[in-house]
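Here are a few short exercises to work through with the structure in view. Try each task yourself before you read its solution.

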Amino acid sequence: DGHVASLFPGHELLQESSQIVASIHDSPKPPLSRITLTLPVLKAAKKVIVVATGKAKSEAIGVALNPPGNTGKESSSSSESSAPPSAAVSPELLPVQLVGASEFILD
């Protein structure tokens, strides 16, 4: 589904910008209640490593690494990370794309 930490696609928690850590009590995947770092904190990280295992994650990782409209040129995660969180959050982007991950570990 493209979630990262406990930030899920389309969830209102993606808009949270005043807290470092937030709680979620209506997670679309178990467990229902979780805590997570917020998007601005993840975007401010010097390095974000995404670990994804299993075939079920392959579609979301494929979209994250090759977003629609990609021209084939490498995108700069630093320029993506410098955008204000509210400007970056759109329904077309998965949370894993929003954090500006600099490394992916896949199986």
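**Exercise 1.** Which side chain meets that of Lys47 in a salt bridge? Find the partner, then work out what the pair ties together.

*Solution.* A word before the steps: this is a predicted model.
- Step 1: The partner is Glu103, with N and O 3.1 Å apart.
- Step 2: Place both residues. Lys47 sits in the loop between helix 1 (39-44) and strand 3, while Glu103 belongs to strand 4 (residues 103-106), so this salt bridge ties together parts that are 56 residues apart in sequence.
- Step 3: Check the exposure of Glu103. Its relative accessibility is 30%, so Glu103 counts as partly exposed, because that class lies between the limits of 20% and 50%.

**Exercise 2.** How many salt bridges does the structure hold? Describe the one that Asp1 forms.

*Solution.*
- Step 1: The structure holds two salt bridges.
- Step 2: Asp1 pairs with Lys29, and their closest N and O atoms are 3.7 Å apart.
- Step 3: Asp1 is in the segment before strand 1, and Lys29 is in the loop between strand 1 and strand 2 (34-37), so the pair ties together parts that are 28 residues apart in sequence.
- Step 4: Asp1 is partly exposed, with a relative accessible area of 39%. Lys29 is partly exposed too, at 34%.

**Exercise 3.** Which residues line the second largest pocket, and which element gives the most to its lining?

*Solution.*
- Step 1: Look for a pocket with a volume of about 160 Å³.
- Step 2: List the lining: Asp1, Gly2, His3, Val4, Ala5, Val50, Val51, Ala52, Lys57, Ala60, Ile61 and Val96. Asp1, the salt-bridge partner of Lys29, is one of these lining residues.
- Step 3: Match the residues to elements. Strand 3 (49-52) and helix 2 (58-65) are the elements that give two or more residues to this lining. Strand 3 gives the most, with three residues.
- Step 4: Sort the lining by class, which yields eight nonpolar, two polar and two charged residues.

**Exercise 4.** Is Ile20 buried or exposed? Find the surface patch that Ile20 helps to form.

*Solution.*
- Step 1: Ile20 is found in the segment before strand 1 (21-24).
- Step 2: Its relative accessibility is 59%, so Ile20 counts as exposed, because exposed means over 50%.
- Step 3: On the surface, Ile20 forms a nonpolar patch with Val21, Ile35 and Leu37. Together these residues have about 390 Å² of accessible area.

Definitions and conventions: Residues numbered from 1 in each chain as written. Predicted model: local features only at pLDDT ≥ 70, side-chain atom pairs only at ≥ 80, totals over all residues. Heavy atoms only, no water. Patch = residues over 30% accessible without salt bridge, like charges linked within 9 Å, V, L, I, M, F, W, Y side chains within 5 Å. Areas by Shrake-Rupley, 256 points an atom, 1.4 Å probe, with all protein chains shown as cover. Salt bridge = Lys/Arg side-chain N within 4 Å of Asp/Glu carboxyl O. Helix = DSSP H or I, 4+ residues; strand = E, 2+ residues; numbered from the N terminus. Buried < 20%, exposed > 50% of the residue type's maximum accessible area, 1.4 Å probe, protein only. 1 Å grid on protein atoms, 1.4 Å probe; cavity = no way out; pocket = protein on both sides within 12 Å on 5 of 7 lines; lining within 4 Å. Points joined across faces, edges and corners; volume = space filled by probe spheres on them. Nonpolar A, V, L, I, M, F, W, Y, C, P; charged D, E, K, R; others polar.
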